[in-house]
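Work through the exercises below with the model open. Each task is followed by a solution in steps.

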Amino acid sequence: MDRIYLDHNATTPVRSEVRDRMLPFLGELFGNPSSAHSFGQEVKVSLEEARQRIADQLGASTAQVVFTSGGTESDNYAIKGVAFAAEKGHIITALTEHPAVLQTVSWLAKKGFDVTYLSVGSSGVVDPDEVKKAIRPDTILVSIMHLNNEIGTVQPIKEIGAITREAGVYFHTDAVQSFGKLPTKVDDLGADLLSVAAHKIYGPKGVGALYIRKGTRIDPLIIGGAQEKRRRSGTENIAGIVGFGEAIIQAESEREDLYGRLEVLRGKLVDGLMDRIPEIIINGDPERTFPSTVSASVSHVEGESMLLSLDMEGIAVSTGSACSSGSLEPSHVLVAMGIDTVLAQGTLRLSMGRGTTPDQIDYLLEVFPPIVERLRKMSPLSTSKAC
C-alpha cells in the first residue's frame with residue numbers, strides 16, 4: 001500500500017485546483033498590487049477577489065479581512081493588537097489553547113497585563129459560565145479557540161460570544177482548524193476577531209487572515225507600509241492569497257459531504273482501536289469532537305516510539321500539535337484535561353482528511369496492534385513485560 005497520511009491537522013496537501021490557480025502568479029502575473037500601473041492593477045483584482053471569497057465565508061465585508069502570513073501571525077495580531085491599543089487590562093483564555101495564543105498572552109503578562117487561564121474538564125470543553133465569572137471591569141479580551149487542534153473538541157463559541165457581547169468585551173477565536181470545516185459566520189459566533197489559515201484546507205502554507213470587526217480598537221502588529229489599509233504592512237503574498245481564496249471555495253463545496261464521510265471513518269477507527277488494543281483511551285467528548293480527529297492514549301508505551309514504528313510501516317501520524325514537535329513535555333492540552341503525564345506521553349493524534357479511505361484505516365488497524373504489543377514487551381512500565 002502507498003504511504004498513508006493521517007496528520008491532516010498539522011497540514012494538508014495543496015489540492016490541484018489551488019495549485020493551478022496559483023501558477024500564473026508565480027510567472028507572468030508578477031506585479032505588485034500597490035503599483036498604479038497595469039501590471040499591479042491586474043494583480044490587485046485577483047487579490048480583492050480572494051479577499052471577497054474569505055469574507056463571504058465569514059459573513060463579513062472585505063474591509064474586515066486582513067491578510068497575514070498564517071494562523072500564528074493572526075493570533076498574535078489579534079491579541080497583541082487589542083492589548084497595545086488598550087495599553088493595560090485583563091485577558092481571559094483557556095489552558096488548552098494553541099501555543100500561538102498561550103505564548104502571546106504569557107508574553108503580555110510579562111509586560112504588565114493580567115491573564116486568567118480557564119481550566120477545562122476531562123472533555124476538554126470550556127464552560128461558558130466560567131468565562132462569565134472570569135470577566136472583570138478591566139477585561140479587554142477573551143480568546144478561546146473554535147476547534148482544538150490536538151483532540152478535535154469543538155468549543156461552545158456561540159455561547160461564549162454571547163457572554164462577551166453582553167459584557168462589552170472583545171472576543172477572539174482561533175478558527176484555524178475549523179475554517180472551511182464548520183460554519184464560521186462571525187455574527188453567529190459572536191466573534192470580534194477571528195484567525196484563519198490556508199494550509200489546513202488544502203491551500204498553500206505561509207498565508208492566513210484575520211477578521212477584525214468594524215470599530216474594534218486594535219493596533220497593527222507590522223508597520224512600514226500602506227498595504228492592507230495600513231493594518232498589516234508588507235507586500236502581499238499574492239500567489240498564496242489567491243490560492244487561499246480558491247481553497248476556501250473548494251472546501252465549502254464539499255464541506256457537508258466530507259463531514260459525513262469522516263464520521264464513518266472515525267467510527268471505524270475508534271471501534272477498531274478499542275477492539276484490538278487493550279488499555280487504550282480515546283480522549284475528548286465524543287459528542288463534541290470533530291470527526292477528522294482521534295486522540296488516543298496507549299498505556300505503557302511512549303508516543304514517539306509508536307510514531308516512528310508507524311512511519312516505518314508507511315503511516316504518518318503525530319504525537320500532538322506540530323507546533324510543539326520535539327518537545328519532551330507532555331501535551332499541555334492533555335495535562336489540562338487531567339490526564340496522567342505518563343499516559344499523556346503515550347498519546348497519538350490521528351487526523352484524517354479528504355483523501356483518507358476505509359482501506360487505509362483497515363491497514364492501520366492491521367499493523368498498529370502488533371506495534372503496541374512489541375513496544376509494551378520492551379517497556380519497563382508495562383505490567384505484561386516478560387521476566
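**Exercise 1.** Find which residue in β12 is the bridge partner of Ser 297, and state in which sense β10 and β12 pair.

Solution. The model is a predicted one. Step one: the residue of β12 that bridges to Ser 297 is Thr 347. Step two: β10 covers residues 293-298, and its pairing with β12 is antiparallel, over five bridges.

**Exercise 2.** Determine how many residues of β12 are buried and which way their side chains point.

Solution. Step one: β12 spans residues 347-351, and five of its five residues are buried, so with buried meaning under 20% relative accessible area the strand is mostly covered. Step two: in a regular strand the side chains alternate between the two faces of the sheet. Step three: in β12, Thr 347, Arg 349 and Ser 351 point one way, while Leu 348 and Leu 350 point the other way. Residues of both groups are buried.

**Exercise 3.** Count the aromatic pairs, then classify the pair of Phe 30 and Phe 39.

Solution. Step one: the count is four aromatic pairs. Step two: the ring centres of Phe 30 and Phe 39 are 5.6 Å apart and the planes stand at 40 degrees, so this pair is tilted. Step three: Phe 30 has 58% relative accessibility and therefore counts as exposed. Phe 39, at 42%, counts as partly exposed.

**Exercise 4.** Classify the pair of Phe 179 and Phe 244, place both residues in the chain, and decide whether they are buried or exposed.

Solution. Step one: the centres are 6.1 Å apart with 85 degrees between the planes, and the pair is edge-to-face. Step two: Phe 179 sits in the loop between β6 (170-174) and α7 (186-189), whereas Phe 244 belongs to helix α8 (residues 238-276). The two residues are 65 residues apart, and their pair links distant parts of the chain. Step three: both Phe 179 and Phe 244 are buried.

**Exercise 5.** Identify what lies over the face of Trp 107 and which residues make a nonpolar surface patch with Trp 107.

Solution. Step one: Lys 80 lies over the face of Trp 107, 4.4 Å from the ring centre. Step two: Trp 107 makes a nonpolar surface patch of about 240 Å² together with Phe 84 and Leu 221. Step three: Phe 84 is located in helix α3 (residues 71-86). With a relative accessible area of 34%, Phe 84 is partly exposed.

**Exercise 6.** Find which residue lies over the face of Tyr 202.

Solution. Arg 354 lies over the face of Tyr 202, at 5.4 Å from the ring centre.

Terms used
Residues are numbered from 1 along each chain as its sequence is written. This is a predicted model: local features need pLDDT of at least 70, side-chain atom pairs count only at pLDDT 80 or more; totals for chains, interfaces and linings use all residues. Side-chain values use heavy atoms; hydrogens and water are left out. Buried means under 20% relative accessible area, exposed over 50%, partly exposed in between (1.4 Å probe, protein chains only). Helices (H or I, at least four residues) and strands (E, at least two) are DSSP runs, numbered from the N terminus. Two strands pair if DSSP finds at least two bridges between them. Rings of Phe, Tyr and Trp (its six-membered ring) pair if their centres lie within 6.5 Å; planes under 30 degrees apart count as stacked, over 60 as edge-to-face and the rest as tilted. A charge sits over a ring if NZ of Lys or CZ of Arg is within 6 Å of the ring centre and within 35 degrees of the ring normal. Patches are made of residues with over 30% relative accessible area and no salt bridge: like charges are joined within 9 Å, nonpolar side chains (Val, Leu, Ile, Met, Phe, Trp, Tyr) within 5 Å. Accessible areas come from the Shrake-Rupley method with a 1.4 Å probe; for residues, only the protein chains shown count as cover. A salt bridge is a side-chain nitrogen of Lys or Arg within 4 Å of a carboxyl oxygen of Asp or Glu.
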